[in-house]
Amino acid sequence: MAKIAPSILSADFARLGEDVKDICDRGADYVHIDVMDGLFVPNISFGAPIMKSLNGIATAPYDVHLMIVDPDRYIENFVTDNTEFITVHYEACDDIAYTIKHIKEAGAKAGVSIKPGTAPEVLDDYLEDIDLILVMSVEPGFGGQKFMDSSLPKIAYYKKKREELGLDYVIEVDGGVGAANAYLVKDAGVDLIVAGSAVFKAEDRSAVINAIKE
């Protein structure tokens with residue numbers, strides 16, 4: 001069974017608190033926070049104040065995904081009592097080892113994400129220090145995109161490396177995953193699935209959350 005982190009990027013922002021409470025009540029394991037700066041990705045989403053407005057509403061921990069350049073500038077802003085993971089992009093960091101250390105010193109677990117065009121081997125030297133690896137199965141920047149099968153070998157690669165090295169990092173996937181294809185990423189070795197539109201736009205959110213997890 002995998003865990004699920006619905007992305008609030010697909011929520012109704014006019015009733016964001018209600019939507020987040022609803023997905024938590026229906027079994028979400030994490031609340032995925034997609035932060036975009038309009039530079040690293042072409043879209044702009046929201047910042048730390050929106051996330052912090054959910055403090056006391058979200059009963060599942062935050063899984064923060066920073067799709068921003070030079071993320072070290074803002075890491076502390078996203079650390080709250082409800083923050084578990086802060087994930088940065090390998091491609092957006094000048095010194096990924098420093099940023100991983102920075103996240104941990106700020107009080108969160110450190111995640112690193114790679115884009116579809118990035119080879120999984122780029123993280124080999126950092127695996128012992130990473131708490132979560134996020135494999136993007138779409139190009140980051142917009143919700144509702146089609147799942148890319150090319151992510152599956154990367155997921156399998158990180159599962160194999162984890163077993164070979166005796167590590168315990170979480171393997172996460174983000175983009176285009178729903179009830180119909182969740183089995184693909186779970187079979188490849190994913191532990192945590194990000195789902196946005198598939199959950200928030202569903203008529204029966206409980207059914208979709210359960211189908212993706214199980």
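In the predicted model analysed here, V185 touches F147, L152, I155, V173, V177, V190 and I193 when residues up to four places away in sequence are not counted, a contact being defined by heavy atoms within 4.5 Å. V185 also belongs to the residues with the most contacts inside the largest nonpolar core, a group that further comprises I8, V31, I33, I155, Y158 and I193, and this core has 60 residues. A nonpolar core is here a set of buried Ala, Val, Leu, Ile, Met, Phe, Trp, Tyr and Cys residues joined through side-chain atoms within 4.5 Å, where buried stands for under 20% relative accessible area, exposed for over 50%, and partly exposed for values in between (1.4 Å probe, protein chains only). A second, separate core consists of nine residues, among them A5, F85, L192 and V194.

Because the model is predicted, local features need pLDDT of at least 70 and side-chain atom pairs count only at pLDDT 80 or more, whereas totals for chains, interfaces and linings use all residues. Residues are numbered from 1 along each chain as its sequence is written, and side-chain values use heavy atoms, with hydrogens and water left out.

Eight strands form an open sheet with parallel pairing, in the order β1-β8-β7-β6-β5-β4-β3-β2; helices (H or I, at least four residues) and strands (E, at least two) are DSSP runs numbered from the N terminus, and two strands are taken as paired if DSSP finds at least two bridges between them. The edges of the sheet are occupied by β1 (3–6) and β2, each of which has a single partner strand, so that one side of each is left without a neighbour in the sheet. Neighbouring strands are turned by 25° against each other on average, direction ignored, with axes taken as lines fitted to C-alpha atoms, for helices over the stretch in contact, and angles running from 0 to 180 degrees between N-to-C directions.

Strand β2 (residues 31–36) is largely enclosed by the rest of the structure, because six of its six residues are buried. Both of its faces are covered, with V31, I33 and V35 buried on one side and H32, D34 and M36 buried on the other. In a regular strand the side chains alternate between the two faces of the sheet. Six bridges join β2 to β3 (residues 62–67), and the two strands run parallel; in this pairing V31 has Y62 as its bridge partner, I33 stands opposite V64, and V35 stands opposite L66. Strand β3 is likewise mostly covered, six of its six residues being buried, with Y62, V64 and L66 on one side and D63, H65 and M67 on the other. The pairing continues from β3 to β4 in the parallel sense over five bridges, and the bridge partner of Y62 in β4 is T83.

Helix α3 (residues 96–106) packs on the sheet, where it touches β4 (83–89) and β5 (109–114), and the direction of the helix makes about 145° with that of β5. The buried residues of α3 are I96, T99, I100, H102 and I103; seen down the helix axis, they fall within an arc of 160°, and they therefore line one face of the helix, the arc being that of the directions from the helix axis to the C-beta atoms. These buried residues pack against β4 and β5, whereas K101 and E105, on the other side of α3, are exposed. Y98 also lies in α3 and is partly exposed, with a relative accessible area of 48%; Y98 and S7 are 91 residues apart in sequence and 27 Å apart in space, C-alpha to C-alpha. The helix is followed by G107, whose phi is positive, near 110°.

In helix α4 (residues 151–165), which contains R162, this arginine counts as buried at 15% relative accessibility. Neighbours within four places in sequence left aside, R162 is in contact with L167, D168, Y169, V170, I171, G189 and D191.

The structure holds zero disulfides, a disulfide being a pair of cysteine sulfur atoms within 2.5 Å. Two cysteines nevertheless count as buried, namely C24, with a relative accessible area of 10%, and C93, at 12% relative accessibility.
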